Structures are given as C-alpha cells and as structure tokens.
Amino acid sequence: MKHFAGIFLFVALIACCAPAGYAQTYRTKKGGCPVPPPSPFKHTGKIVTTLDSAGMRTTLQHPFVIGSEQNGIVMAASFIHLDPRRGVRPSVELYFFSAPLSLSRIDLNGLTLLADGNSVSGDDALRFSPVSNKQGFPHGATKATLNYDAFINLLKARKVAARAGVNEFALTNNHLEGLRELASLMAPASKSWTVSEAR
C-alpha cells in the first residue's frame, strides 16, 4: 500500500509541475527569438537574398519610377556577399532601365551618376557596362558597378541623380533609403576588408 501511495504522490507532483514547466517551455519557444526592432530605413523597396552562380546575392528591387511614368527609369541594386578573410572589398551593382510605360526608350549608353551635381567617375570607383537581356532586364539596361567606398560616398550626398543625355533623373529619398539599407547589410565585415575591391 505504501508503494502505491508513493507512486500516486510522485504522479500527482509531476502533474502539478508539468503545466508550469510546459508553459515556461512554450514561452521560451515563442519568445526565445526576440522580435527585431523596426528598420530605421523607410522605403518601399524589396530586399531579398538569393543563391546564384556567383554566391549569396542581396538585391534591392524598387517599384518607384525615377522621373515620370512616360519618361523615366527604374533602378535595382545588388551585391555579392564576400568572405572578409579573403581581404576583398565588395562592390555594388546599380541597374538602370527604361520604365515599362515609358513612351520612348531612353538611351542609357551615356549614363553618368551625379552626387550633389558632381559626376561620379574613375576606373576604380565606377564602371558602366551594358546588361544582357538574358539577365531579365529590358533592352538597353545599363549596369553601374561601384566599389564600396564610392557607394558610401554617393549615399552621403544630399542629391543623387542619373543623367542620360539631356535627361536627368533625381533619385527620391525613398530610393536612397533603400540603397542605404542595402549598404548597411554590407557594413558588418567592413573592418576586416584590407585589400582593394574585386576586379
């Protein structure tokens, strides 16, 4: 009889403690990963990270047209995550192409970037190259490749614009905020970068 009483007491003790223990475990699982604070960058762009043939790529896709719908351009940007132990600085690729509803295709072959009215140039800082249609961009898209330092300096400007011929397209603060968040995703490993950017 004493044996059964001991078992009953043990089971009763477990039954009393189990709900509290279960609730604590549940709270830990539910609240174990704290909700991240809201992003300080306010924009309507979409930032995604994917795996492609070059490695892990983070891309900003922005829905807003720079300029007017009838005579404007669309911007996207991306970078490849690099191992900081390689001692290689990352670079950012900015893509510009005519807005889908544009009445006339804008010639982006002579595109220049302006930071507070000054042209961003230099072989080491900025390179322009055409984009193949196979990459999913419309005909005539142009890619501007900036090294990390040039990209950060560009974002420090009060006004950033792209000029194609006589047309000048000023990036809105919404676009710049998207680019600033993209830059923040590159920043954590910056102290480990010691060698010039990738060729």
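1. Quick bit of vocabulary before anything else: two strands count as paired when DSSP finds at least two bridges between them. With that in hand, look at Ala162, whose bridge partner in β12 is Phe169. The strands concerned, β11 (residues 160-164) and β12, run antiparallel and share four bridges. Keep in mind throughout that this is a predicted model.

2. How far can you trust it? The mean pLDDT of the protein is 75, with 66% of its residues at 70 or more. Helix α3 (residues 173-184) has the highest confidence, at a mean of 94, while strand β13 (residues 195-197) has the lowest, at 38. I'd also flag two stretches in the N-terminal numbering. Residues 7-15 stay under 50 in pLDDT, and the model gives them zero contacts beyond four places in sequence. Residues 17-29 are below 50 as well, with one contact in the model beyond near neighbours in sequence. Where pLDDT is low, the predicted coordinates should not be read in detail.

3. On the overall make-up: the secondary structure comes to three helices and 13 strands. The protein has 199 residues, and 37% of them count as buried. If you take contacts between residues at least 6 apart in sequence, 59% of these join residues at least 24 apart.

4. Back to the β11/β12 pair, which belongs to an open sheet of four strands. The order is β8-β7-β11-β12, and the pairing is antiparallel. Its edges are β8 (118-120) and β12 (167-170), each of which pairs on one side only. On average, neighbouring strands here are turned by 35° against each other, ignoring direction.

5. Strands β1 (residues 46-52) and β2 (residues 55-61) are another antiparallel pair, held together in the DSSP assignment by seven bridges. They make a hairpin, with two residues between the strands. For a handle on the register, use Val48: its bridge partner in β2 is Thr59.

6. Now helix α2 (residues 148-156). Tyr148, Ala150, Phe151, Leu154 and Leu155 are its buried residues. Viewed down the helix axis, these buried residues fall within an arc of 165°, so they line one face of α2.

7. The largest nonpolar core has 34 residues, and those touching the most other members are Leu94, Phe96, Leu113, Leu146, Phe151 and Leu179. At least two residues apiece come from β4 (72-80), β6 (91-98), β7 (112-115), β10 (142-147), α2, β11 and α3. Helix α2 gives the most, with five residues. A separate core of eight residues also exists, and its members include Val65, Tyr95, Ala99 and Val131.

8. Leu179 is a good residue to click on if you want to see that larger core assembled. Setting aside neighbours within four places in sequence, Leu179 is in contact with Leu60, Met75, Ala77, Leu94, Phe151, Leu155 and Leu171. Two of those partners, Phe151 and Leu155, are among the buried residues of α2.

9. Last one: is Lys143, in strand β10, buried or exposed? Its relative accessibility is 18%, and the cut-off for buried is under 20%, so Lys143 counts as buried. Not counting residues up to four places away in sequence, Lys143 touches Glu93, Leu94, Tyr95, Arg127, Phe128, Ser129 and Val131. Of these contacts, Leu94 is in the largest core, whereas Tyr95 and Val131 are members of the eight-residue one.

How values were computed: Residues are numbered from 1 along each chain as its sequence is written. This is a predicted model: local features need pLDDT of at least 70, side-chain atom pairs count only at pLDDT 80 or more; totals for chains, interfaces and linings use all residues. Side-chain values use heavy atoms; hydrogens and water are left out. Buried means under 20% relative accessible area, exposed over 50%, partly exposed in between (1.4 Å probe, protein chains only). The arc is that of the directions from the helix axis to the C-beta atoms. pLDDT is the predictor's confidence in each residue, from 0 to 100. Contact means heavy atoms within 4.5 Å. Axes are lines fitted to C-alpha atoms, for helices over the stretch in contact, and angles run from 0 to 180 degrees between N-to-C directions. A nonpolar core is a set of buried Ala, Val, Leu, Ile, Met, Phe, Trp, Tyr and Cys residues joined through side-chain atoms within 4.5 Å.
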